Amino acid sequence: MKFKILIALAVSGLGLLTSQHGQAATSCSRNASSAQFDSFYAPLWGCQQVFINDMWSRFHFDHDDWDQGFGFEDACNDTLPLKRTFNALQLLAYGVTATPTCSTSSSNVGLWGYCWAGSNIDELDGRCGDSPRAKTAIGPVIDNHTELFMPFFFDETVVQRAGTIFHEARHANGWCVHTNSCADGTGSCDPNFWSGCVGVGSSSGVGANGYTVLYMNWFATTARAGWINAAIRADAVAEGNHYLTSRFGTDPCFRMNSGGGTFNVC
Ligand SMILES: [Zn+2]
């Protein structure tokens, strides 16, 4: 078993155990953008209860983490955090396949990312606050959890949100502490692509930033018909390239092309 330590995986790591959305309701109010593809994905799953039940149990949503304006009382409202999280989880589940699997034998993370994320994330909590987008805490004496903040709900597109959940699942799975040397700066970097999971108590291999890239690459290249369009593919490519350009200490030396495939740059 991996030794796990208590550190908040976030740029602003302090504040763990102190963020309570009920204490500052006004900072939770944001206007939802209509340009983040929620209206594209919402009808693809229809907010059906069977899908909600599956997400609710896999990711251990709790009423008390999603009420008071987060959407528990209005779970199909695309302007509220809960539904915007649901849309991302549905994309993670069904964006590449109609039959997501728990087997991780395929290199295509789009086939198993949903089940794998649900197995690794202990619970998914909605929180107020403007930074970071998300953070995961794991440790021997705390209730492991992944928290999602205002920028996740309202600044990210559905595709970005799916990638962020997959990214946080990598933290929950392997810890993979971020380093400080990359364009995006302190606490957001992996040292390199293929061995980017580092830090005391961490596993090895591709780190959380690399998982974001892998998700964008596989989604952009193998998405199901009807679950992607040109703008959404461009968004996935841009997100992947942002990570490739700005989130690694050593340039991975590849980027994504407009179709989502990769090409070498050094
Ligand atoms: Zn991270």
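**View 1. Helix 5 and helix 7 cross with a left-handed twist.** In this predicted model, the two partners are helix 5, residues 109-120, and helix 7, residues 158-174. Their axes come within 8 Å and cross at roughly 45°. Angles from 35 to 65 degrees fall in neither the roughly parallel nor the roughly perpendicular class, so helix 5 and helix 7 end up oblique to each other.

**View 2. Here are the residues where helix 5 meets helix 7.** Helix 5 brings Gly113, Trp116, Ala117 and Asn120 to the contact. On the helix 7 side, you'll find Ile165, Phe166, Ala169, Ala172 and Asn173. Sorted by class, that makes six nonpolar residues and three polar ones, with no charged residues in the mix. As a reminder for reading the spacing, an α-helix has 3.6 residues a turn, so residues three or four places apart point the same way.

**View 3. Helix 4 is mostly covered.** This one runs over residues 81-94, which makes 14 residues. From first C-alpha to last, helix 4 reaches 20 Å, close to the 20 Å expected at 1.5 Å a residue. How many of the residues in helix 4 are buried? The count is 14 of 14.

**View 4. Val213 sits in helix 8, residues 208-222.** Val213 has 28 C-beta neighbours inside 10 Å, and 20 would be enough, so Val213 counts as buried. Setting aside neighbours within four places in sequence, Val213 is in contact with Gly240, Tyr243 and Leu244. Phe193 is also worth picking out: 20 residues from Val213 along the chain, with 9.3 Å between the two C-alpha atoms.

Terms used
Residues are numbered from 1 along each chain as its sequence is written. This is a predicted model: local features need pLDDT of at least 70, side-chain atom pairs count only at pLDDT 80 or more; totals for chains, interfaces and linings use all residues. Helices (H or I, at least four residues) and strands (E, at least two) are DSSP runs, numbered from the N terminus. The expected span of a helix is 1.5 Å times one less than its number of residues. A residue is buried if 20 or more other C-beta atoms lie within 10 Å of its own, exposed if 12 or fewer, and partly exposed in between; C-beta atoms are placed from the backbone. Axes are lines fitted to C-alpha atoms, for helices over the stretch in contact, and angles run from 0 to 180 degrees between N-to-C directions. Angles under 35 degrees count as roughly parallel, over 145 as roughly antiparallel, 65 to 115 as roughly perpendicular and the rest as oblique. A crossing is left-handed if the near helix is turned anticlockwise from the far one by less than a right angle, and right-handed if clockwise. Two residues are in contact if their C-beta atoms, placed from the backbone, lie within 7 Å. Ala, Val, Leu, Ile, Met, Phe, Trp, Tyr, Cys and Pro count as nonpolar, Asp, Glu, Lys and Arg as charged, and the others, Gly among them, as polar.
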